[in-house]
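Colleague: I am new to this structure and would like to be led through it one step at a time. Could we look at the chain together and go from its outline to its details?

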Amino acid sequence: QRYVSALNTSLIFSTEVVITLLLSPLLANFLHMEASPITPVKLIGCIIIVVGVLSSDGTLQHLARRKK
């Protein structure tokens, strides 16, 4: 907490969802278990979480201003 900004911390925590979504089927196949498929609902949920984190920290507004 002392060395990492709040933005970086929230981005690190939000990547957990993305990594889990992508690695879950791969690890299930590797361990010879039944894999749960990546569904559109899971993808949309993942996108909503990441966009929510970015917008709450003001990152999206900062990027929009930079492009102008």
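The questions below go from the whole chain to single residues.

Colleague: Which pattern does the protein chain follow, read along the sequence?
Modeller: This is a predicted model, and in it the secondary structure of the protein chain comes to 3 helices and 0 strands. Read from one end of the sequence to the other, the chain therefore gives the pattern α-α-α.

Colleague: Which element of the protein chain has the lowest mean pLDDT?
Modeller: The mean pLDDT of the protein chain is 81, and 85% of its residues reach 70 or more. Where pLDDT is low, the predicted coordinates should not be read in detail. Among the elements of the chain, H2 has the highest mean, at 86, while the lowest, at 68, belongs to helix H3 (residues 59–67).

Colleague: How far apart are the end C-alpha atoms of helix H2, and what span should its residues give?
Modeller: Helix H2 covers residues 40–56, which is 17 residues, and at 1.5 Å a residue these should span 24 Å. The expected span agrees with the model, because the end C-alpha atoms of H2 are also separated by 24 Å.

Colleague: Which residues of H2 are buried, and which exposed residues does the face turned away from them carry?
Modeller: Buried here means under 20% relative accessible area, and in H2 this applies to Cys-46, Val-53 and Leu-54. Seen down the axis of H2, these buried residues fall within an arc of 100 degrees, so they line one face of the helix. The face of H2 turned away from its buried side carries the exposed residues Pro-40, Val-41, Ile-48 and Ser-56.

Colleague: Which helix gives the most residues to the nonpolar patch?
Modeller: The nonpolar surface patch, of about 990 Å², is made by ten residues that include Leu-22, Phe-30, Ile-38 and Leu-43. Ile-38 lies in the loop between H1 and H2, whereas Leu-43 has its place in helix H2. The helix that gives the most to the patch, with 6 residues, is H1 (residues 6–30).

Colleague: Is Leu-43 buried, exposed or partly exposed, and how far in space is it from Val-18?
Modeller: A residue counts as partly exposed between 20% and 50%, and Leu-43 is partly exposed because its relative accessible area is 41%. Leu-43 and Val-18 are 25 residues apart in sequence, and from C-alpha to C-alpha their distance in space is 8.8 Å.

Colleague: What is the phi of His-32, and is this residue buried or exposed?
Modeller: Most residues other than glycine have a negative phi. His-32, which lies in the loop between H1 and H2, has a positive value instead, near 60 degrees. Exposed means over 50% relative accessible area, so at 76% His-32 counts as exposed.

How values were computed: Residues numbered from 1 in each chain as written. Predicted model: local features only at pLDDT ≥ 70, side-chain atom pairs only at ≥ 80, totals over all residues. Heavy atoms only, no water. Helix = DSSP H or I, 4+ residues; strand = E, 2+ residues; numbered from the N terminus. Expected span 1.5 Å × (residues − 1). Buried < 20%, exposed > 50% of the residue type's maximum accessible area, 1.4 Å probe, protein only. Arc of directions from axis to C-beta. Patch = residues over 30% accessible without salt bridge, like charges linked within 9 Å, V, L, I, M, F, W, Y side chains within 5 Å. Areas by Shrake-Rupley, 256 points an atom, 1.4 Å probe, with all protein chains shown as cover. Salt bridge = Lys/Arg side-chain N within 4 Å of Asp/Glu carboxyl O. pLDDT = per-residue confidence, 0-100.
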